[in-house]
Amino acid sequence: NKVPNDNLLLTRLKLYLGQKHPSSDVDEAFGITEREYMRGSFSLSRFMVWAIPILGFIGTVWGISNGIAHFSDAMTSTSSVTDVSSMLKDNLPLVTNSLATAFDTTLLALLLSVPLMMMMIWLEKREEAYLIQLDQQWFHEIKPRLEYEVGGLARGANAVAADGTNM
C-alpha cells in the first residue's frame, strides 16, 4: 500500500518505520524536509505576488511612453508656431489618457499586491502552525508509543531467544 505524498504524518511514519535504527537526526531531517516542501509549494504564489507590481510598473512605463509619444507627435506635426496651440489642444486628451493609464496600472498593481501578500502570509503561517502541530503530535503522542511498542517487541524477542537457549 502506497502512502500518499500529501499526508505528511503518514509519510513521516513510513520513513520512521523504514529506518533500522532511527535517531533524532532522522526526526530533524523530517522537519527540514517538510518545511522545504512547504516553501516549495508556495513558490508559484510568491512569484505571482512579486510579478504583479512589476507588471504594474511596466504598464506605468508604457503609459508614460505613450503619452510622451503623443506629445511628440503633436509637436512635430506642425510647421508654424501658431498651429502649436491648436495641435496641443487636439492631442492633449491622448496625452492625458495615456498618463491616466500609466497611473491606473500602478494603482491597480498596488491594490492587488497588498491583499494578495497578506493572504499569502496568512496561508504560510497556517501551514507553519500545522507543521508545528504535526511535530508536537509526533514527538509527544506517536513516537513515544512507537518506541514503547518496538521496545516491548524487542524485549519479547530477547525473552524468546533466551528461553530457546535454556532448553
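Below is a short chat about a predicted model of a single chain and its helices.

Q: Hi! What should I know about the numbering and the kind of model before I start?
A: Residues are numbered from 1 along each chain as its sequence is written, and side-chain values use heavy atoms, with hydrogens and water left out. This is a predicted model, where local features need pLDDT of at least 70 and side-chain atom pairs count only at pLDDT 80 or more, while totals for chains, interfaces and linings use all residues.

Q: Great. How many helices and strands are there?
A: The chain has four helices and zero strands. Read from the N terminus, the order is α-α-α-α. Helices (H or I, at least four residues) and strands (E, at least two) are DSSP runs, numbered from the N terminus.

Q: And how much of the chain is buried?
A: Of the 167 residues, 22% are buried. Buried means under 20% relative accessible area, exposed means over 50%, and partly exposed is in between (1.4 Å probe, protein chains only).

Q: What about the accessible surface of the chain?
A: It comes to about 12200 Å², and carbon and sulfur atoms hold 66% of that. Such areas come from the Shrake-Rupley method with a 1.4 Å probe; for residues, only the protein chains shown count as cover.

Q: What share of the contacts links residues 24 or more positions apart?
A: Among contacts with a separation of 6 or more, the share is 73%. Contact here means heavy atoms within 4.5 Å.

Q: Let's look at α3. Does its span agree or disagree with what its 34 residues should give?
A: It agrees: at 1.5 Å a residue the helix should span 50 Å, and its end C-alpha atoms are 49 Å apart. The expected span is 1.5 Å times one less than the number of residues.

Q: Where is the kink in α3?
A: It lies at A51, shortly before the proline P53, and is about 25 degrees. The bend at a residue is the angle between axes fitted to the seven residues ending there and the seven starting there.

Q: Tell me about that proline. What does P53 touch?
A: Leaving aside neighbours within four places in sequence, P53 is in contact with A109 and S113. P53 and S113 are 60 residues apart in sequence, yet their C-alpha atoms are 6.7 Å apart in space. P53 itself is partly exposed, at 29% relative accessible area.

Q: Which residues of α3 are buried?
A: They are V49, A51, I52, G56, G59, T60, G63, G67 and A74. One of them, A74, is 12 residues from S86 in sequence and 9.4 Å away in space, C-alpha to C-alpha. S86 sits in helix α4 and is partly exposed, with a relative accessible area of 42%.

Q: Is there a nonpolar patch on the surface, and which residues make it?
A: L44, F47, M48, W50, I54, L55 and I58 make a nonpolar surface patch of about 750 Å². Patches take residues with over 30% relative accessible area and no salt bridge, joining like charges within 9 Å and nonpolar side chains (Val, Leu, Ile, Met, Phe, Trp, Tyr) within 5 Å. F47 belongs to helix α3, residues 43-76, and is partly exposed at 44% relative accessibility.

Q: Switching topic: how many salt bridges does a search of the whole structure find?
A: It finds six. A salt bridge is a side-chain nitrogen of Lys or Arg within 4 Å of a carboxyl oxygen of Asp or Glu.

Q: What does the one between R35 and D135 look like?
A: Their side chains meet at 3.1 Å, N to O. R35 is in helix α2 (residues 24-41) and D135 in helix α4 (residues 81-166), so the pair ties together parts 100 residues apart in sequence.

Q: Are those two buried or exposed?
A: R35 is buried at 16% relative accessibility, and D135 is buried with a relative accessible area of 16%.

Q: Which pair meets within α2?
A: E36 and R39 do, three residues apart, about one turn of the helix. Their salt bridge is 2.8 Å, N to O. E36 is partly exposed at 46%, and R39 is partly exposed at 41%.

Q: And what about R46 and E124?
A: They form a salt bridge of 3.0 Å, N to O. R46 lies in helix α3 and E124 in helix α4, so this pair ties together parts 78 residues apart in sequence.

Q: Which residues do shared salt-bridge partners join into one network?
A: The network holds R12, E34, R35, E128 and D135.
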